[in-house]
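User: Please take a close look at one residue of this model and its surroundings. Then set that part in the context of the aromatic pairs, the principal pocket and the overall fold.

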Amino acid sequence: AQKLEFLASICTICSTSSMDSTEWNMLYFCQLEVVEVIEALLQEEPPDQLSTTVRQQAMLAIISMSRVKLLLQDKKNSILHTCFCSIFHLPPQDTQGPNAYLYSKTLAALDSMLQSLVCSAGTLGTMELQNIFQLLLPLTSSQPEVVEQRAMARIARLANFITTYSLPQICPCFVQATAPKHQCSETHQFVMLGKLVGHLTLCCTYKDRRTCHEAAEALHHLHTFIVQQLSKRSHVGLGDKSPLFSFIPQMFTKYLQPTDQVDIILIAIKSFRSPSIYSISVAAHMVNILLEDPAFQPGQVLNIVWTIYRNLPSITVAVAHNSLDRALQVLMNKHPTEVVASLLQCSPTCTHVAMAMWKIMFSKPQAAKKVLQELLSMLMNQPLRKTSTSTKDNPRILSLAATRTINEILLQPTCLREVDAIFPQLFLALLFQVSFTTELTPQEVQIFWKEHQQNQLTPIRSAVNSIRVLLCVMGFERQVLAIEAQGGWDALLRAHTHLMGVSILARGMMKTPRPLRYTIFCHLAELLSVEDHTWEMVAMVFFTEMLSCTDLSEDVDRALEIFPMYLQSQCLGMPSLVLRAILKLTKRPGMARRTLVLLPYIMELLQDADSDARTVALPVLSNMLRLLERKACSLTALALADKLWPLFEDESDTVRELSIRLFQDTMGLVVGTEKKQMKKKVWHSLLPLLFHLHDQDKSVAKASQEAVCSASHFLKWRQLAQLDETAQVWRICECLLARNRSKAKDYLHQSQPYLKSPQESLRREAVRFI
């Protein structure tokens, strides 16, 4: 005790005199030793045997070291906690015994020390106050009764102290609304207000009367402190002078910021698990009041939902369940997006606890509608998807979670009406989700579905199963069986057969009522009006299958508006898919002419498309030419000729044959003044056609022979016709040169690419001609 008193005196002297750096360093290392000594003293002796003088000198030493800034925060917290434990665990105080005075004196010294720490912190006084509260709060619950009483009394004394001591530079933002861009230093914020008020309010319901009294006393002083802060800025009176125990949460809500309100809500929800300690009805009342008009940030909503999720299994009291039910419904009404996303993050695989929470929100039709809309939005949130190794805020994982949740929700009979209202959109969203799931990385499958590995319920199987369940609950069991008979469900599960599965599914849905098919068709058209590479191929496969429905003929114009964008798509296979749909339309009477609006786009496509797309585009163009009026047909055929002869060298045998035959057709379609221009194009194509008389593909060679014959008639060159009939190709080439020697240079340039042809026969003919 004498050594501690000596140190306190030294620190007091140091605080009023100047020291050089060497002296400061010596004192600093000295205080480290002293802290260890104080902690050892307070811990070694049993609480009731430790000298009161030693305790008081220890507290004085702490105060002195704090005044000269020698105590680091971690050291201070450690020694304060040790000090609290040493004093609070003293045996229950005997109000009449000889130790009563010493106990009272020790607790008074502790209060004095805490107040001195706040005062000596200077501009950091607000932070120091909150730090002490933070250390005291855990000691007010789940402790021996005497410890809880003494800890609560210290909070009450500190709360009373700040009503008379002016905390330096405290910001008013903790008691009143501020500008949206308001910012203040952390040292000026009273961020613990919500947590403190919530905890104290619950403690007012504690069974121990002393603790209740101290908690109510602390709330009374806090209320006075808040009103004082307001009066300094708005010149109002000190407010309510109500007696103890009348301070219910309504009195504080007008002073609490959303962050403080959330703190109180979280404390109240956690207290639902301990009916033997706090009054559940008071805690429920607090939650109900603070959620009357929630205006929380997404992160705050997540904290509330997480707290409900974690504590719900341990809550048994009906009033607590009713409060949580109401809380979820209120939050869902005000913050539907945040609530749904939060619950999906809490339980991506939809555990029984999460399902209980979903059922609560589905108990009201309006809330059920909002939940389904938000889940649908999660499924369609494709553009924001990203690869991640965490479930938090990952749209890919959240969309998987939404699929799994919908699968469970569909089994609940209470929400069928709401599901029916959005069936077309939900059906397509789940179908797109199946497509997306085929692209999951192994890491994402492991993260999301690890708890279902034993029963092999993979993400892709769950997504496909969701579609089956949806169709069944909507009364389409026959379609489900028909799709299964054609292998559609199995095809959907594998990436290489997935699009075939989509086609089978689409054909199965063609047997549903016309109003439903029309709604699905219109929704697909709306989705496809905006490019989205995530699911556009699946949507287009389904869309083009639906075009085969004769009762949707009046709506083909929607498709014709969309197709130009997708004819130019860089998505592999998309132009071919669209062209096949157009080809079917060109063969349907009464509809074929309407496809002519796409003619310019298809002609343009020939230059840059792959062989698969050209294979379909050429028959489409052939059909369209026959649909044009005479003059338009002549002009189009003339324009098309230039685009066809480069295709004679395509790697695909089919493209070579089709392009040569279509070129042959264009010669017969040109009329009037366009014939003169067409003759130049025919002359230009003669040499390639002659070479391809030796094409390795017999169909191409035959098409070339027929084209040469047509060219001889078009050019009225009898000698060419005679030589063609006798198959004297080398003589034809000689005649070609003899007829117009000025073109020899052009012919030489035209024949050179054939020297690199993959076909030996064409290389040989090119060499011979050169």
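Analyst: Leucine 625 belongs to helix H31, which covers residues 611-627. The model is predicted, and the description below should be read accordingly. With a relative accessible area of 3%, leucine 625 falls under the 20% limit and is therefore buried. Setting aside residues up to four places away in sequence, leucine 625 is in contact with Cys633, Thr636, Ala637, Leu640, Leu662, Thr666 and Leu669. On the N-terminal side, leucine 596 precedes leucine 625 by 29 residues in sequence, and the C-alpha atoms of the two lie 9.0 Å apart.

Another buried position, in a separate part of the chain, is glutamate 214, located in helix H9 (residues 209-234). Its relative accessible area is 13%, again under the 20% limit, so glutamate 214 counts as buried although it is a glutamate. The contacts of glutamate 214, with residues up to four places away in sequence left out, are Gln149, Met152, Ala153, Ala156 and Arg157.

Aromatic side chains give a further view of the packing. The structure contains 14 aromatic pairs. In one of them, the ring centres of phenylalanine 543 and phenylalanine 563 are 6.4 Å apart and the ring planes meet at 80°; because this angle is over 60 degrees, the pair is edge-to-face. The two residues are 20 positions apart and link distant parts of the chain, with phenylalanine 543 in helix H27 (residues 536-546) and phenylalanine 563 in helix H28 (residues 556-567). Phenylalanine 543 and phenylalanine 563 are both buried.

Tryptophan 683 and tryptophan 717 form another pair, with ring centres 5.3 Å apart and planes at 40°; this angle lies between the limits of 30 and 60 degrees, so the pair is tilted. Tryptophan 683 is part of helix H34 (residues 674-691), whereas tryptophan 717 sits in the loop between helix H35 (698-715) and helix H36 (718-725), so the pair ties together parts that are 34 residues apart in sequence. The two partners fall into separate burial classes: tryptophan 683 is partly exposed, because its relative accessibility is 24%, while tryptophan 717 is buried, because its relative accessibility is 6%. Elsewhere, Phe423, Phe427, Phe476 and Phe542 make up one aromatic cluster.

Tryptophan 683 also leads to the largest pocket, which holds about 450 Å³ of space. The lining of the largest pocket comprises 18 residues, and those closest to its centre are Trp683, His684, Asp746, Tyr747 and Gln750. Two or more lining residues come from each of H34 and helix H38 (744-751). Helix H34 contributes the most to this lining, namely six residues. By character, the lining of the largest pocket consists of seven nonpolar, four polar and seven charged residues.

The overall fold provides the setting for these details. The secondary structure of the protein comprises 39 helices and zero strands. Of the 770 residues in the protein, 55% are buried, leucine 625 and glutamate 214 being among them. Among contacts with a separation of 6 or more, 72% join residues 24 or more positions apart. The accessible surface of the protein amounts to about 35400 Å², and carbon and sulfur atoms account for 53% of this area.

Terms used:
Residues are numbered from 1 along each chain as its sequence is written. This is a predicted model: local features need pLDDT of at least 70, side-chain atom pairs count only at pLDDT 80 or more; totals for chains, interfaces and linings use all residues. Side-chain values use heavy atoms; hydrogens and water are left out. Helices (H or I, at least four residues) and strands (E, at least two) are DSSP runs, numbered from the N terminus. Buried means under 20% relative accessible area, exposed over 50%, partly exposed in between (1.4 Å probe, protein chains only). Contact means heavy atoms within 4.5 Å. Rings of Phe, Tyr and Trp (its six-membered ring) pair if their centres lie within 6.5 Å; planes under 30 degrees apart count as stacked, over 60 as edge-to-face and the rest as tilted. On a 1 Å grid over the protein atoms alone, a cavity is a set of points where a 1.4 Å probe fits but cannot get out, and a pocket is an open set with protein on both sides within 12 Å along at least five of seven lines; lining residues have an atom within 4 Å of a point. Grid points are joined across faces, edges and corners, and a volume is the space filled by probe spheres set on the points. Ala, Val, Leu, Ile, Met, Phe, Trp, Tyr, Cys and Pro count as nonpolar, Asp, Glu, Lys and Arg as charged, and the others, Gly among them, as polar. Accessible areas come from the Shrake-Rupley method with a 1.4 Å probe; for residues, only the protein chains shown count as cover.
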